[in-house]
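Okay, thanks for coming, everyone. I've got one structure to walk you through today, so let me put it up.

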Amino acid sequence: MITHIVMWNLLESLSDDQKKSAAETMKEKLEGLHGKIDGLESICLHIDAVEPGNRSLTLTAVFKTREDLLFYIDHPEHKKVGAAYVRPFVQDRACMNFED
């Protein structure tokens, strides 16, 4: 199994209400990719609600193979969600992939 972890911080220029709305929409849209992309075993967006933390959001997605991860990364649905609901609202990104 391949675990894909991505962490973001929301834009500091967003109000608290805008951050909450953006995070909730990101969660809905990213988790909504489950069942739409072959090889995506599970996906969950965690919203930081426990202080202190140094990231606003953490995505955990699990794939059976490295090829499944690469398929997900290039999939049009994934790219559409990223372009419309993620990148406009985040200021940075960190990613790690590992095999269990």
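I'll go through a helix, then the core, then an aromatic pair and the salt bridges. Keep in mind that this is a predicted model.

Let's start with helix α1, which covers residues 16-31. How far apart are its end C-alpha atoms? They sit 22 Å apart, and that agrees with the 22 Å you'd expect for 16 residues at 1.5 Å a residue.

Now, which residues of α1 are buried? Those are A22, A23, M26 and L30. If you look down the axis of α1, these buried residues fall within an arc of 100°, so they line one face of the helix. Over on the other side of α1 you find D17, K20 and E28, and those are exposed. And what covers the buried residues? The cover includes strands β1, β2, β3 and β4, along with helix α3.

That takes us to the core. As a rule, nonpolar side chains in soluble globular proteins tend to be buried together. Here, the largest nonpolar core has 22 residues. The members that touch the most other members are W8, M26, L30, L40, L59 and Y72. So M26 and L30, from the buried face of α1, turn up again in that group. As for who contributes, β1, α1, β2, β3, α2 and α3 each give two or more residues to this core.

Let me stay with Y72 for a moment. Which residues does Y72 touch, leaving out those up to four places away in sequence? The list is H4, L33, I37, L40, I43, L59, F63 and H78. Two of those names, L40 and L59, also came up in the core group just now.

F63 is the one I'd like to pick out, for the aromatic pair. The count for the model is one aromatic pair. The partners are F63 and Y72, with 5.1 Å centre to centre and 50° between the planes, and that makes the pair tilted. Are these two rings' residues buried or exposed? F63 has 0% relative accessibility, so it counts as buried. Y72 is buried as well, with a relative accessible area of 0%.

Right, on to charges. How many salt bridges does the structure hold? Three.

One brings us back to α1: the side chains of E31 and K27 meet at 2.7 Å, N to O. Both lie in that helix, four residues apart, about one turn. In general, an α-helix has 3.6 residues a turn, so residues three or four places apart point the same way. With 25% relative accessibility, E31 counts as partly exposed, and K27 is partly exposed at 28%.

Another follows a similar plan in helix α3, residues 76-86. K80 and E77 meet there at 3.8 Å, N to O, and they are three residues apart, again about one turn of the helix. E77 is partly exposed, at 26%.

Then there's R55 with D92, at 3.0 Å, N to O. This pair links distant parts of the chain: R55 is in the loop between β2 and β3, D92 is in strand β4, and their positions lie 37 residues apart in the numbering. R55 comes out at 24% relative accessibility, which counts as partly exposed. D92, at 28%, counts as partly exposed too.

That's my tour, so over to you for questions.

Methods: Residues numbered from 1 in each chain as written. Predicted model: local features only at pLDDT ≥ 70, side-chain atom pairs only at ≥ 80, totals over all residues. Heavy atoms only, no water. Phe/Tyr/Trp six-rings, centres within 6.5 Å; stacked < 30°, edge-to-face > 60°. Buried < 20%, exposed > 50% of the residue type's maximum accessible area, 1.4 Å probe, protein only. Salt bridge = Lys/Arg side-chain N within 4 Å of Asp/Glu carboxyl O. Expected span 1.5 Å × (residues − 1). Arc of directions from axis to C-beta. Contact = heavy atoms within 4.5 Å. Core = buried A, V, L, I, M, F, W, Y, C linked by side-chain atoms within 4.5 Å.
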